[in-house]
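Student: Could you show me how to read the side-chain contacts in a structure like this one?
Tutor: Gladly, let's look together.

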Amino acid sequence: NGESLMNDATGLVAFKFALAAMAAGAFSLRAATMEFLVLAVGGIALGLAVSWLVGWARDTLRCFQSTDTFVEVTVSLMTPFAAYLAAEALGVSAILAVVAAGLYAGWRDPLRLDVATRQTAWAVWSVVLFWFNGLAFVLLGLQLPAIFESVTGTYTPVQLTLFVVATSGIAIVTRLVWMYPGGYIPYFIFRRALRNEPRPPRSTLLVAGWAGMRGTITLAAALSIPVTLADGSAFPGRNIVIFLAAGVIVVTLLLQGTTLEALIRRLGVQADDTALREENQARIAAVQAGLRSLRDDTSAAAAAEGETARRRVLAEYELRLAELTAEGENRASARRQRTDARALRFTALRAERAALDDLWSRDLISDDTHRPLQQLLDHEEAALGAPEESPASH
């Protein structure tokens, strides 16, 4: 994800240089390269500095008073704007400043924020990102009638179709061609670091190349073209560029998006189990750490009730460890058991929720009682993830 963000950011910076060259009517590769390095290094350094400063301020304030979830989330939302405005004021790359600030915050915040703040921030950021992605297409929709009228007055429908097909074809083919050297070159450059990493098969690279659907970044880049030049005249070619960007998005989504699954099945590409292995390893390590802390904790043994509670929790953790260990030894059987268990838990949760809602709808419990219990069930359901259909149900 971090590499993707940097790729998008550097691409947008390069696009900004192209716009500047177009507006000035001249271009010097040497001068542009030096300016690009200054803007890039300055933007990244400033973004890291702003994000570090915000994090330091939050930690300092937390020492004097308890954290406030809504204040923490608000600061999280304002951090990228602070990095952007600071970079704009200093004349360095604002895009790279935002990316650098986001990467630092993404590394820092999960380790420093409390549970309530993490959950709230994740939910808020998901909504905000959905709004921003939708906003780009709303802006396109507002401009599209005037853009369509402009381009149809200059070009014929056949020409516009050919332009879209040619531009989309170049975008698709370029990505497909680059995926093969891009997938293998790192193994020659970073031989020591990647000596234990298997090289990706050609079929996987083909799927990765075909998965290059365009979206918000392409549209945002096109919409960032200024309407007028410095002398007040219209920016040449702006409408046709935005039209072609929208055309590429539509073509790649319809062509590649609807055929990607068929290509994966035809090539027999299997899902990478790295994430599953990492999850199992992490779960085992976490449960083992919990068991060690429970076995070393003798504070609850003073009273009989405390010792009984400790043994009960120990038994629960030992059962979880046994299940996770069995899953690592017999992955297929464990996956089936986990699917069946999750389906049963979802059935029980639905019954609990129905009983709780029934009591609330009949005014037997108040809102203050209903909401916390409903949130508890929501957390349990979210922890289970999306429901899967159990093989036993067939």
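Tutor: Let's begin with a term for the backbone: helices (H or I, at least four residues) and strands (E, at least two) are DSSP runs, numbered from the N terminus. The model here is predicted, so local features need pLDDT of at least 70 and side-chain atom pairs count only at pLDDT 80 or more, while totals for chains, interfaces and linings use all residues. Residues are numbered from 1 along each chain as its sequence is written, and side-chain values use heavy atoms, with hydrogens and water left out.

Student: How many aromatic pairs are there, and how do I read one?
Tutor: Rings of Phe, Tyr and Trp (its six-membered ring) pair if their centres lie within 6.5 Å; planes under 30 degrees apart count as stacked, over 60 as edge-to-face and the rest as tilted. That rule gives 4 aromatic pairs. One of them joins Tyr 104 and Trp 107, tilted, with 5.6 Å from centre to centre and 50° between the planes. Tyr 104 and Trp 107 are 3 residues apart in helix H4, so about one helical turn separates them.

Student: Is Trp 107 buried or exposed?
Tutor: Buried means under 20% relative accessible area, exposed over 50%, and partly exposed in between (1.4 Å probe, protein chains only). Trp 107 is exposed, at 55%. Another aromatic pair, Tyr 155 with Phe 163, is edge-to-face: the centres are 5.4 Å apart and the planes make 85°. Here Tyr 155 is partly exposed at 26%, and Phe 163 is partly exposed at 32%.

Student: What about charged side chains?
Tutor: Side chains of opposite charge can pair when their charged atoms come close. We call it a salt bridge when a side-chain nitrogen of Lys or Arg is within 4 Å of a carboxyl oxygen of Asp or Glu. The whole structure has 10 salt bridges.

Student: Which residue forms a salt bridge with Arg 108?
Tutor: Asp 59 does, with the closest N and O atoms 2.6 Å apart. This pair links distant parts of the chain, 49 residues apart: Arg 108 is in helix H4 (residues 94-112) and Asp 59 in helix H2 (residues 29-64). Arg 108 is buried, at 4% relative accessible area.

Student: Where do Glu 381 and Arg 353 lie?
Tutor: Their side chains meet in a salt bridge of 2.8 Å, N to O. Glu 381 is in helix H13 (residues 367-384) and Arg 353 in helix H12 (residues 331-361), so this salt bridge ties together parts 28 residues apart in sequence. Glu 381 is partly exposed at 30%, whereas Arg 353 counts as buried at 17%.
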